[in-house]
Amino acid sequence: MPLLTVIVPAYNEAAVLEAFHQRLARVLDELPLDSSVLYVDDGSSDRTWDIIESLTQRDPRTGALKLSRNFGKEAAMTAGLDQADADAVVVIDSDLQDPPELIPALVDQWRAGYDVVYATRSARAGETGFKKFTSAAFYRSMEKLSDTAIPRDTGDFRLLSRRALEALRQLRERQRFMKGLFAWIGYRQTAVHYLREPRQAGKTKWNYWRLTQLAVEGITSFSTAPLRLATWTGVSASVLAFAYGLWVLTKSLVYGDPVRGYPTLMLVILFLGGVQLLALGVIGEYLGRNYAESKQRPLYFIEEQRPPAGRH
């Protein structure tokens, strides 16, 4: 019988893990597949690892990885995907915003021949209007900027076939934007729509600062549009400055109009200086990513590992 492994990255999720596992276990019990669960503790500072250990003792199909420190969700997902040995894997968060009860629908699409089945949010309950607006703006911006078609309103909750999993394992870049990597590998992909629920317990780890960093990561990983924008901004500023200088010179020579001094000079200097700093900032973002890639550091280290005792 085919084996399905559910990968669950967790960081300080002690408040919700027990409830999550109960719902997940009920879903897996009813699936006509062998199944296992792999929890990845991303260096949590609360009781997350203790709870995961207790789950591995109570449920023989449950395994666990503990990373040596907090490497970030993208690295935690990568660790789980590297360790999984299954015909299909599902990646899902443990905060219950993504319902485990959707997994059978993902499996049905996989059996229909799709390699990547992603869960697309038709609505987002429990989130502010500003959060919904910024999220929609990000996905639509990525749609315009990137050559890789990244699905709208889609997180990391998805199913991957074995060949999609093996393809993803070959992508070892350090600056990882998993939503883009899932799309980049190609193969047959389809969506399953669902209502995203509010977080059931605990606090989100994704404040606006971290979400902004993730957005910058995604744009710079899958698009060179910011570099082109910096180039065209510089060209436009140069053309405007040249045209303005020509106009000032013409007025002085033809009409004897004295060249105006301090305010005009400061305006031009501040404008051109701002354009230059913007361009340097964009170049610095790309340069910093090249620097990180050149060091070739491992993506993560595993401190402890608990393989599942059996599968169900």
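**Notebook: a cavity, salt bridges and cores**

I began with the lining of the largest cavity, and I noted that its largest share, three residues, comes from α3. I keep in mind throughout that what I have in front of me is a predicted model.

**Entry on the cavity**

I searched the whole structure and found one cavity of 30 Å³ or more. The elements that give two or more residues to the lining of the largest cavity are α3, residues 73-83, and α6, residues 162-169. I then looked up the volume, and about 40 Å³ of space lies in this largest cavity. Which residues line the largest cavity? I wrote down Thr78, Leu81, Asp82, Leu168, Arg169, Arg172, Arg176 and Met178. When I sorted the lining residues by kind, they divided into three nonpolar, one polar and four charged.

**Entry on the salt bridges**

Next I turned to charged side chains, where the count comes to eleven salt bridges. I looked at a few of them in turn.

I started with Arg23 and Glu101, whose side chains meet in a salt bridge with 2.8 Å from N to O. Arg23 sits in helix α1 (residues 17-30), while Glu101 sits in the loop between β4 (88-91) and α4 (103-111), so this pair ties together parts that are 78 residues apart in sequence. Is Arg23 buried or exposed? With 16% relative accessibility, Arg23 counts as buried, because the cut-off for buried is under 20% relative accessible area. Its partner Glu101 has a relative accessible area of 40% and is partly exposed.

I went on to Asp156, which forms a salt bridge with Lys73, and the closest N and O atoms of the two are 2.9 Å apart. This pair links distant parts of the chain, since Asp156 belongs to strand β6 (residues 154-161) and Lys73 to helix α3, 83 residues apart. I checked both partners for accessibility: Asp156 counts as buried at 6%, and Lys73 counts as buried at 17%.

The next pair I looked up was Asp115 and Arg163, whose side chains meet in a salt bridge at 2.9 Å, N to O. Asp115 lies in the loop between α4 and β5 (116-124) and Arg163 lies in helix α6, so the pair ties together parts that are 48 residues apart in sequence. Here I found Asp115 buried, at 6% relative accessibility, whereas Arg163 is partly exposed, at 44%. I also noted that salt bridges with shared partners join Asp29, Asp59 and Arg61 into one network.

**Entry on the nonpolar cores**

After the charged residues I looked for nonpolar ones. As a general point, I recalled that nonpolar side chains tend to be buried together in soluble globular proteins.

How many residues does the largest nonpolar core have? I found 34, and those with the most contacts inside this core are Leu4, Val6, Tyr39, Val90, Ile103, Phe157 and Leu159. Helix α1 gives the largest share of this core, five residues.

I picked Val6 and listed its contacts, leaving aside its neighbours within four places in sequence: Val6 is in contact with Leu24, Leu28, Ser36, Val37, Leu38, Val90, Ile92 and Ile103. Two of the names on this list, Val90 and Ile103, are also named with Val6 for having the most contacts inside the core.

Apart from the largest core I found another, of 28 residues, and Leu67, Ala76, Leu81 and Ile185 are among them. I recognised Leu81 from my entry on the cavity, where Leu81 is one of the lining residues.

How values were computed
Residues are numbered from 1 along each chain as its sequence is written. This is a predicted model: local features need pLDDT of at least 70, side-chain atom pairs count only at pLDDT 80 or more; totals for chains, interfaces and linings use all residues. Side-chain values use heavy atoms; hydrogens and water are left out. On a 1 Å grid over the protein atoms alone, a cavity is a set of points where a 1.4 Å probe fits but cannot get out, and a pocket is an open set with protein on both sides within 12 Å along at least five of seven lines; lining residues have an atom within 4 Å of a point. Grid points are joined across faces, edges and corners, and a volume is the space filled by probe spheres set on the points. Helices (H or I, at least four residues) and strands (E, at least two) are DSSP runs, numbered from the N terminus. Ala, Val, Leu, Ile, Met, Phe, Trp, Tyr, Cys and Pro count as nonpolar, Asp, Glu, Lys and Arg as charged, and the others, Gly among them, as polar. A salt bridge is a side-chain nitrogen of Lys or Arg within 4 Å of a carboxyl oxygen of Asp or Glu. Buried means under 20% relative accessible area, exposed over 50%, partly exposed in between (1.4 Å probe, protein chains only). A nonpolar core is a set of buried Ala, Val, Leu, Ile, Met, Phe, Trp, Tyr and Cys residues joined through side-chain atoms within 4.5 Å. Contact means heavy atoms within 4.5 Å.
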